[in-house]
Amino acid sequence: MKDDHISDLFPEYLDNTLNDSDKQKIEQHLASCIQCKLELDEMKLLFKAFKNDSVSVPSDRLSVKFEAALNQEKAATTKIVSIAPKKEKSNWASNLLKVAASIALLVTSFQIGRVIQSQKNNQELVVLQDETLQFKQAAMLSLMENQSASKRIQGVNYIEEFPNPDEAIVKALTDRLLYDENDNVRLNAFEALSGFTTSETVKIAFIKALEQEKNPSIQVAIIQALVKIQEKKAIGPMQKLLEKEDTQPFIKKEIEQGLPKII
């Protein structure tokens, strides 16, 4: 027995399953141990309460409701709830359109900038070209007034830089053709003007030069140019040259061959 008490044997004692010897020992101990006797009395009261307490059995209706409620609770608690993060709707198409729009905007801005820059460069180039032509024209006119014949010839040859010379240049060239004292300068001036025979200023200068030019080579060149453009205003000056006694024979021959082509 534990700690000299006999409480461990009380359940068998109360159930009357102990042998006579053990019963006798318990009863002898109870007679001298007040603690065990109190515990035995409490256990007897408990056993008695178990025996007197009737177990309530639920009715069939209550059982059905209980089962239904239990099943409902099970269904609710066993319902699978996904804890995975909700997958958001993919917006890749929207993002792609945004990227495409950004690229299109970037390309458009680049093209516009390039066009603007190109226009600006073209304007600057036109201004530069105009300034260059003005500088060349000033140099050309200045050279044609130089005391040196070679410098005047150099100035005349600047005509190659002016596909469409203005009246100032044409006037300067005709002055060289009509009034320059040097034969080479006059000849170069004539050759420079030959490219612009559609100009009335040039035609008038050729006719006047034919009337006063003394250099036979320049005379022949002028006659051929006037015949080529069939300038009828040159007929009278050519006929006068034919009538003059000091006109070189080969000059008269050139006129005789050219006049029929004009008339």
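**A tour from the surface to the nonpolar cores**

Begin with the whole chain shown as a surface: the chain exposes about 19200 Å², and carbon and sulfur atoms supply 55% of that area. Keep in mind while moving through the views that this is a predicted model. If you then colour the 263 residues of the chain by burial, the buried ones make up 27%.

Switch next to a cartoon view, in which the secondary structure comes to twelve helices and zero strands, so that, read from the N terminus on, the elements run α-α-α-α-α-α-α-α-α-α-α-α. A contact map is a useful companion here: among contacts in the chain with a separation of 6 or more, 57% are between residues 24 or more positions apart.

Now select Leu173, Phe206, Ile222, Leu226 and Met238, which, of the 37 residues in the largest nonpolar core, touch the most other members. To see where this core draws its residues from, add helices H5 (92-144), H7 (167-179), H8 (183-193), H9 (200-212), H10 (216-228), H11 (235-243) and H12 (249-262), each of which supplies at least two residues of the core. Within that selection, pick out H10, from which the largest share of this core comes, namely eight residues.

Centre the view on Ile222 and show the side chains around it: leaving aside residues up to four places away in sequence, Ile222 touches Phe190, Phe206, Ala209 and Leu210. Finally, move away from this core and select Tyr13, Ile26, Cys33 and Leu40, which are among the nine residues of another core that lies apart from the one just visited.

Technical notes:
Residues numbered from 1 in each chain as written. Predicted model: local features only at pLDDT ≥ 70, side-chain atom pairs only at ≥ 80, totals over all residues. Heavy atoms only, no water. Core = buried A, V, L, I, M, F, W, Y, C linked by side-chain atoms within 4.5 Å. Buried < 20%, exposed > 50% of the residue type's maximum accessible area, 1.4 Å probe, protein only. Helix = DSSP H or I, 4+ residues; strand = E, 2+ residues; numbered from the N terminus. Contact = heavy atoms within 4.5 Å. Areas by Shrake-Rupley, 256 points an atom, 1.4 Å probe, with all protein chains shown as cover.
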